[in-house]
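Reader: Please show me the model, and then I will ask about some of its residues.

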Number of protein chains: 2
Amino acid sequence: MTFQTYIEEQRSKHLEELFELLSIPSISALPDHKEDTHRAAEWFASALRNLGMDNVELYPTNGHPIVYGEWLKAQGKPTVLIYGHYDVQPVDPLHLWDTAPFEPAIREESIYARGASDDKGQTFMHLKALEAILKTTGTLPFNFKICIEGEEEVGSPNLPVFIEEKKDMLAADVIVVSDTAMMEEDKPTICYGLRGMCGFQLDVKGPRRDLHSGLYGGAVQNPIHAVVELLQSFHDKDGVITVEGFYDKVVPLTEDEKAAFEALNASEESVMNEVGVTELFGEKGYTHLERTWVRPTLEVNGIYGGFQGEGIKTVLPSEAHAKITCRLVPDQDPDEILELLQKHVKEHTPPGVEVTVSLFDKGAPFVTPFDHPAIQAASRAFEKVFEVPTAFTRGGGSLPIVSNLDEILKAPIVLMGFGLPSDNVHAPNENFKLKNFDKGLLTLCYYWEELEGVL
Amino acid sequence: MTFQTYIEEQRSKHLEELFELLSIPSISALPDHKEDTHRAAEWFASALRNLGMDNVELYPTNGHPIVYGEWLKAQGKPTVLIYGHYDVQPVDPLHLWDTAPFEPAIREESIYARGASDDKGQTFMHLKALEAILKTTGTLPFNFKICIEGEEEVGSPNLPVFIEEKKDMLAADVIVVSDTAMMEEDKPTICYGLRGMCGFQLDVKGPRRDLHSGLYGGAVQNPIHAVVELLQSFHDKDGVITVEGFYDKVVPLTEDEKAAFEALNASEESVMNEVGVTELFGEKGYTHLERTWVRPTLEVNGIYGGFQGEGIKTVLPSEAHAKITCRLVPDQDPDEILELLQKHVKEHTPPGVEVTVSLFDKGAPFVTPFDHPAIQAASRAFEKVFEVPTAFTRGGGSLPIVSNLDEILKAPIVLMGFGLPSDNVHAPNENFKLKNFDKGLLTLCYYWEELEGVL
């Protein structure tokens, strides 16, 4: 029997099992659902054992446990680590759901339930792909490790320590994560890079108290003017960041990557319509995809100082503030960038004020080389099933879990997601297309085939 | 009998009358004190009648009445209008007063009471100066009109309409206001100019909703970046305002004025210590006095956009805002300046956003020429009594009543104040030095003498 046949035959049983899993309200953010969340961990542990995995355990953390299991019988073969999460987002506002979030229902060829797409459904598919191969061939082509956490929706506060402590146990040649979405229906997508970040605050301090702008204005440096001057010094007119050395470590796109992005035929028009502006603006010489995916940025996220009420108050304020995040790309290092920024601020501080820079948050950028065999094999697997070219993307944001896996385990990461932008993840009526469930399962089986010999 | 002798002999009676006036809690801001405020108006009306003034009346307004009286028996002689106000500031926090605000007391040679300096005490002195001259000479050297309003402490909302409606009744050759302070003890001061203003708001609108700065940052114009660019465009590195035509109508200082300012020996050090900065900053090529008194400014009083909470939020906000006031000097016109500003904003609006300019407030600058006989006569009167040179100053702020009197009545205005910076006006323990009460009364009597023949 082929895995294709196996998957078809088992489909209703699989869905039954998935519905059981989706019925557990494992909302990690809500203390009232602590038991439920634990139940979902137990459910996965039991599923891993049924699959024939060894050393299946619930590792306790300061929050919800991490489920782990392994199958290491492919002696001499590479090892794959699969990451997923069993916790889900809260369901408010409940009245906007057409059917109850934890009573899975099929409507219009989609599974409706909280977690159907993010990420119970996709994690479940990994188990079933391995089951299909095991049942039809009696073995697996690689060693497999599966790590399923229960706190992804609350920022994975305990995952980094776990990975660090268990890095030998988790060591792998490739890491596969199915927790992202395809660009659109029937457009299989591989996101092979994400930006890092470096978030900081500027506090500008001038006179010791607010001053009357009539009596002092014009003679005492205004902290708002100073913060404006400082912020303006970060970019030139072409949107290029002017912090010395900022771009030094930026890895340019390869010709293959450029071609892959061009193949997406991304429309600036559609972005303009979506966000409601009449023109886009960004670093000169780059497309909007390049600007958001592979170019670093420095964006002011908040600014405040002086009077904000109705009307006017003739004050020269004592302080002004700005909150800033830089998005970083390979091989920029957040700590190095912060140093460059601090130097820049020091050199550009206007007369008459003191400026403090405080770091808030940082995360390294991540990329798995575009031409890495694990990426290209994923592409071929997608194309076998969907029969269209795979889209290659990079993400403008950060996924902390990906940074953590990347930094600690130092293995290539493949983000193979089967969700869709219309899945309503984190929103009412979360759903997962049955078509993507079926095709995704097949794609995963093909992926392990395609990886053979090239990993 | 000379007016000097009369004043000395009547001193205790004068103080008794003043204490009666200061006992009336005429707090214009508080509805509970409406009757009290009216009582203070009646008190002044009665005092004007006792003085021998004609046509004494309380003119009702939408708020508190305006007291008016006139003495027009100096046929063929010029006319003087004296402006004062009978209302006072609230007294909170009451527990910080050493004696009750409406139970006048003399301590350490000062009169302690709300209104002692601002402005009941100083207005009262004008009545007593005229009384001294009338009683000792039987007549007055000019025609006198006295206008005492009851809403100065709430922004004189009804005064402009009154002046406009009664501009023939109020017409004068010179206007004298005693509602300001001397620079310091024993340093008589004449403020002969004030800056005007033009307050406006910039509203910068970008995308129709807040965007994720990871997903859109770098490709969509950030309204905070746009407002920063716009604000930065208003000044150059030397603090010079770069709005085209902004300085065109600015009247330069005369050599006499420059000399008068230099004679003040104003110390930058003391300003730095007072406000707590290590250096001053302002338009290149001007002293700090010139920067606050005779140069126009453009100051951002408030700025806000995006996230202001603790930590960081990776948002690219939909909007950003700035509140700005320009201080204007003769002969800048607020309406013309607003037009120049709007043109500048239009020409400097960064791509990808829309900017709206809203006017909030405006007021014309005012100056009585430094060499005007009414100014120089006031200087001589001060010097006769205080026996030191008079300081000539201009004010960086605005006094709306002065703008109104200036614009509607078009007569030179002399600000002859006898208060001190230590009088605690608008604060607990308001007080007025007996020395300044005595010397001020004499100065006013001398002033009318000095004005004779030169007005």
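Author: This is a predicted model, where local features need pLDDT of at least 70, side-chain atom pairs count only at pLDDT 80 or more, and totals for chains, interfaces and linings use all residues. Residues are numbered from 1 along each chain as its sequence is written, chains are lettered from A and ligands numbered from 1 in the order written, and side-chain values use heavy atoms, without hydrogens and water.

Reader: Is Cys326(A) buried or exposed?
Author: Buried means under 20% relative accessible area, exposed over 50%, and partly exposed in between, with a 1.4 Å probe and protein chains only. The relative accessibility of Cys326(A) is 0%, so this cysteine counts as buried.

Reader: How many disulfides does a search of the whole structure find?
Author: A disulfide is a pair of cysteine sulfur atoms within 2.5 Å. For Cys147(A) the closest cysteine sulfur, in Cys191(A), is 20 Å away, which is too far for a bond. Cys326(A) is in no disulfide either, as the nearest cysteine sulfur, in Cys198(A), is 5.4 Å away. Over all chains, the number of disulfides found is zero.

Reader: Which residue's backbone oxygen does the side chain of Thr390(A) reach?
Author: Thr390(A) lies in the loop between α11 (373-386) and β16 (391-395) of chain A, and is buried at 9% relative accessible area. Helices (H or I, at least four residues) and strands (E, at least two) are DSSP runs, numbered from the N terminus. Leaving out residues up to four places away in sequence, Thr390(A) touches residues including Pro188(A), Phe382(A) and Ser379(A), where touching means heavy atoms within 4.5 Å. At 3.0 Å, the backbone oxygen reached by the Thr390(A) side chain is that of Ser379(A).

Methods:
A polar contact is a pair of N or O atoms within 3.5 Å; within protein, one must be able to donate a hydrogen and the other to accept it, and residues adjacent in sequence count only if both atoms are side-chain atoms.
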